[in-house]
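Here is a quick tour for anyone new to reading protein models. Have the picture open beside you and follow along.

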Amino acid sequence: MAIDYSQLIPNNVDLSSDRRLQRALENWQPRFLDWWKDMGPDGTSAFDVYLRTAVSTDTNGWANFGYVKMPEYRWGIFLAERDQNRQIAFGDNKGKPAWQDVPGEHRSTLRRLIVTQGDTEPASVEQQRLLGKTAPSLYDLRNLFQVNVEEGRHLWAMVYLLHAYFGRDGREEAEAMLERHSGDPDKPRILGAFNEETPDWLSFFMFTFFTDRDGKYQLASLAESGFDPLARSCRFMLTEEAHHMFVGETGVGRIIQRTCELMKEHKTDDVRALGAIDLPTMQKYLNFHFSVSLDLFGQEASTNAANYYTQGVKGRYLETRIADDHLLVNDTYEIETMEDGRIVKKAVPALQALNERLRQDYIEDCARGVVRWNKTIEKAGINFEMRLPHRAFDRRIGAFAGQRVSPDGKLLSEAEWKANESKWLPTDEDRAYIKSLMGPAVTQPGKFAHWIAPPARGINNQPADFEYVRFN
Ligand code: BYC
């Protein structure tokens, strides 16, 4: 279905046929815009930004480019096409028609998952609020804003579900989405990673590589949900999410490339003296963002996850492509956990291990990106390898929470940890150095900050000196 842009809220859900719902969302819309003004990208409302806007959800329609002032971006409600024959693919309800409404017995579970998902979207916009001031180029600034408006749209996607299917509770949850704020000591965001700061562009690129990728895996699991409107919402969100991870992977890759160029040209490891970011510091940022993102998958053994699956509300990554019974009641899955003060491998009921299984899918995906970064280093003839730390390293959630574990997975005493922590995680000094590189935004078309290489190609094949943002 094409998206109806004649409406105040663009949508492909025939919103005008339900006046009550339409009015409720039109009431929420100005509050969202106030939130965007107060908590979204700072001081940007007059900028014309070369953005991608969806005009329909099929392959031809979702990538239309043009200049937009961000407060005028057409945030709306876009669900992937409905499959009339879709059946629930897993759990106790396997083979039954997908639900077009919320079954009473799964109402609170679904609400909770939708609220948790929705909460991350505005959180990330808040975290990235000040980055525009130090953008390394117009190209990067535009990509930041594209990510921001799409996270705003993803909030709309979840708020629509809350309003349309959860009555008064849903409307209250939608209000609360705009009242919690990243890092707020009284009303923080729900999940840990979304209360961390994103103070510089290295953090931003690591965040979009690692934390947005959690988004990919969680959305893909929710895209399997028996609750069809949630599944269809997440399916379309995934098409947008891919760009965010592209921004992260190429952003880190371009910093690596620049560092390697300088190391070769000046025959030195000491690129800090040359105003660039040394590879060991990048490794420390990687360690931090990877472990914070691993926490987002929850406990290794989780009865919540087992219940979500059995009830048919949250599936596995690419559930329908997995060749098994999709019930998992008789299966086991090997996880790593703590036992008697040691890290051990242990088979547990597969249903309980679903968070860990998703985390494993995620780790393998991260590893593929790291291989590509290492190719850049190798091509430059430099002897250094970026590595994902062990899954038990520096965790806050799950079996390894609070344990002292080295990046290669050895349990450590507190003293050993303290002696090495500054080699493994960014120190205050590292953070201050990275911050010192974040100069005033580079606003001349085609120019880039000294510490990052230009991209291989422009957005939508635009030339290198394209004016992605006009400041007015
Ligand atoms: N922080 O049984 P467990 C994205 C809580 S990112 C704080 O393992 P469960 C994006 C947990 O709530 C994707 N608390 O929990 C990226 C539970 O509390 P209760 C976001 C945590 O439910 C970048 C308790 O610990 N989407 O889209 O199996 C930019 C026991 O844990 C955390 C989703 O997360 C944590 N990290 O798993 C923009 C999908 N982890 O019950 C956007 C929806 C666990 O004891 N959420 N807890 O009160 C879920 O599927 C699940 O809620 C979780 C947790 C996977 C997060």
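**Around the ligand**

Start with the ligand: 30 residues surround it, and Gln-117, Gln-299, Ser-302, Tyr-308 and Lys-314 come nearest. Keep in mind that this is a predicted model. The bullets below go through the ligand's polar contacts, a helix pair, two residues of one helix and two loop residues.

**Polar atoms facing the ligand**

- Ser-302 has a polar side-chain atom 2.8 Å from an oxygen atom of the ligand.
- Asn-304 also uses its side chain, with an N or O atom 3.2 Å from an oxygen atom of the ligand.
- Asp-295 brings in its backbone instead: an N or O atom there lies 3.1 Å from a nitrogen atom of the ligand.

**Two helices side by side**

- Helix α3 covers residues 138–165 and helix α4 covers residues 167–177; their axes come within 6 Å and cross at roughly 155 degrees.
- Angles over 145 degrees count as roughly antiparallel, so that label fits α3 and α4.
- On the α3 side, the residues that meet α4 are Leu-155, Val-159, Leu-162, His-163 and Tyr-165.
- On the α4 side, they are Gly-167, Gly-170, Arg-171, Glu-173, Ala-174 and Met-177.
- Sorted by class, this contact has six nonpolar, three polar and two charged residues.

**Two residues of helix α5**

- Phe-207 sits in helix α5, which spans residues 201–222. Its relative accessibility is 5%, so Phe-207 counts as buried.
- Leaving out residues up to four places away in sequence, Phe-207 touches Ser-124, Gln-127, Gln-128, Ala-193, Phe-194, Thr-198, Asp-212 and His-289.
- Take Ala-193 from that list: it is 14 residues from Phe-207 along the chain, and the two C-alpha atoms are 9.3 Å apart.
- Ser-221 is in helix α5 too, and with a relative accessible area of 0% it is buried.
- Again leaving out residues up to four places away in sequence, Ser-221 touches Lys-314, Gly-315, Arg-316, Tyr-317 and Leu-358. Lys-314 should ring a bell, being one of the residues that come nearest to the ligand.

**Two loop residues with positive phi**

- Leu-318 is not a glycine, yet its phi is positive, at about 50 degrees. You'll find Leu-318 in the loop between α8 (303–311) and β3 (332–339).
- Asp-340 has a positive phi as well, near 45 degrees, and is not a glycine either. Asp-340 lies in the loop between β3 and β4 (342–349).
- How exposed are they? Leu-318 is partly exposed, with a relative accessible area of 31%, while Asp-340 is exposed, at 72%.

Definitions and conventions
Residues are numbered from 1 along each chain as its sequence is written. This is a predicted model: local features need pLDDT of at least 70, side-chain atom pairs count only at pLDDT 80 or more; totals for chains, interfaces and linings use all residues. Side-chain values use heavy atoms; hydrogens and water are left out. Axes are lines fitted to C-alpha atoms, for helices over the stretch in contact, and angles run from 0 to 180 degrees between N-to-C directions. Helices (H or I, at least four residues) and strands (E, at least two) are DSSP runs, numbered from the N terminus. Angles under 35 degrees count as roughly parallel, over 145 as roughly antiparallel, 65 to 115 as roughly perpendicular and the rest as oblique. Contact means heavy atoms within 4.5 Å. Ala, Val, Leu, Ile, Met, Phe, Trp, Tyr, Cys and Pro count as nonpolar, Asp, Glu, Lys and Arg as charged, and the others, Gly among them, as polar. Buried means under 20% relative accessible area, exposed over 50%, partly exposed in between (1.4 Å probe, protein chains only). A residue is near a molecule or strand if one of its heavy atoms lies within 4 Å of it. A polar contact is a pair of N or O atoms within 3.5 Å; within protein, one must be able to donate a hydrogen and the other to accept it, and residues adjacent in sequence count only if both atoms are side-chain atoms.
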